[in-house]
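Before you go through the coordinates yourself, here are some notes from my own reading. I have kept them as numbered points so that you can reply to each in turn.

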Amino acid sequence: KTVTVYAKTGENGRLFGAVTNKEIAARLEKELGLAVDKKDIVLSEPIKQVGSYTVELKPYANVSCKITVTVESL
């Protein structure tokens with residue numbers, strides 16, 4: 001699955017701040033109807049650039065899946 005997050009950007013596609021777990025959880029619920037706790041979203045590093053990223057969801061201890069988060073400029 002893929003979700004799209006929109007953020008304000010500056011020069012060279014750099015974001016003002018970063019995309020957070022909370023924003024990703026909100027987009028998952030809005031676009032896909034999935035209620036995911038922000039604590040279940042694992043980011044290997046903060047998302048600070050426009051582009052596509054693979055993000056891991058861990059709703060339970062031994063259960064995980066990957067989604068694609070696309071960050072686009074407003």
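The points below begin with the whole chain and then move to single residues.

1. Please keep in mind throughout that this is a predicted model. The chain contains one helix and six strands, and their order along the sequence reads β-β-α-β-β-β-β.

2. On overall dimensions, the C-alpha trace spans about 40 × 25 × 15 Å along its principal axes. The radius of gyration is 12 Å, which agrees with the value near 11 Å that a compact globule of 74 residues would have. In the chain, 44% of the contacts between residues at least 6 apart in sequence join residues at least 24 apart.

3. On surface and charge, buried residues account for 23% of the 74 residues, and the accessible surface comes to about 5,100 Å², with 48% of that area belonging to carbon and sulfur atoms. The chain carries 11 positive and 9 negative charges, and the mean positions of these two sets are 3 Å apart.

4. Which residues does threonine 4, in strand 1, touch beyond its neighbours within four places in sequence? The contacts are with Arg27, Glu31, Thr70 and Glu72. Helix 1 covers residues 21-32 and strand 6 covers residues 63-73, so that Arg27 and Glu31 fall within the numbering of the helix and Thr70 and Glu72 within that of the strand. Threonine 4 itself has a relative accessible area of 15% and is therefore buried, the cut-off being under 20%.

5. Threonine 70, in strand 6, is the partner to consider next, and at 16% relative accessibility this residue also counts as buried. Beyond its neighbours within four places in sequence, threonine 70 is in contact with Thr2, Val3, Thr4 and Val5, as well as with Gly51 and Ser52. With one of these, serine 52, there is a polar contact of 3.4 Å between the side chains. Since the model is predicted, I would describe that contact as a feature of the model.

6. Threonine 54 belongs to strand 5, which runs over residues 51-60. Is this threonine buried or exposed? At 56% relative accessibility, threonine 54 counts as exposed, because the cut-off for that class is over 50%. Once its neighbours within four places in sequence are set aside, threonine 54 is in contact with Lys66 and Ile67. Phenylalanine 16 is 38 residues from threonine 54 in sequence, and the C-alpha atoms of the two are 21 Å apart in space.

7. Alanine 25 lies in helix 1 and is buried, with a relative accessible area of 9%. Its contacts, leaving aside neighbours within four places in sequence, are with Val36, Lys38 and Ile41. Valine 3 lies 22 residues away in sequence, with a C-alpha to C-alpha separation of 9.8 Å from alanine 25.

8. Leucine 34 sits in the loop that links helix 1 to strand 3, the strand of residues 41-42. At 39% relative accessibility, leucine 34 counts as partly exposed. Apart from residues up to four places away in sequence, this leucine touches Leu28 and Glu29.

9. Where does asparagine 12 lie, and what is notable in its backbone? Asparagine 12 is in the loop between strand 1 (2-7) and strand 2 (14-19), and has a positive phi of about 60 degrees although it is not a glycine. Most residues other than glycine have a negative phi. At 73% relative accessibility, asparagine 12 counts as exposed.

10. Finally, leucine 74 is placed in the segment after strand 6, and at 70% relative accessibility this residue counts as exposed. Even so, leucine 74 touches Tyr6, Ala7 and Lys8, not counting residues up to four places away in sequence. Arginine 14 is 60 residues from leucine 74 along the chain, and their C-alpha atoms are separated by 12 Å.

Notes. Residues numbered from 1 in each chain as written. Predicted model: local features only at pLDDT ≥ 70, side-chain atom pairs only at ≥ 80, totals over all residues. Heavy atoms only, no water. Helix = DSSP H or I, 4+ residues; strand = E, 2+ residues; numbered from the N terminus. Buried < 20%, exposed > 50% of the residue type's maximum accessible area, 1.4 Å probe, protein only. Polar contact = N/O pair within 3.5 Å; in protein donor to acceptor, adjacent residues only side chain to side chain. Contact = heavy atoms within 4.5 Å. Rg over C-alpha atoms; globule rule 2.2 N^0.38 Å. Areas by Shrake-Rupley, 256 points an atom, 1.4 Å probe, with all protein chains shown as cover. Lys, Arg positive; Asp, Glu negative; His and termini not counted. Charge placed at Lys NZ, Arg CZ, Asp CG, Glu CD.
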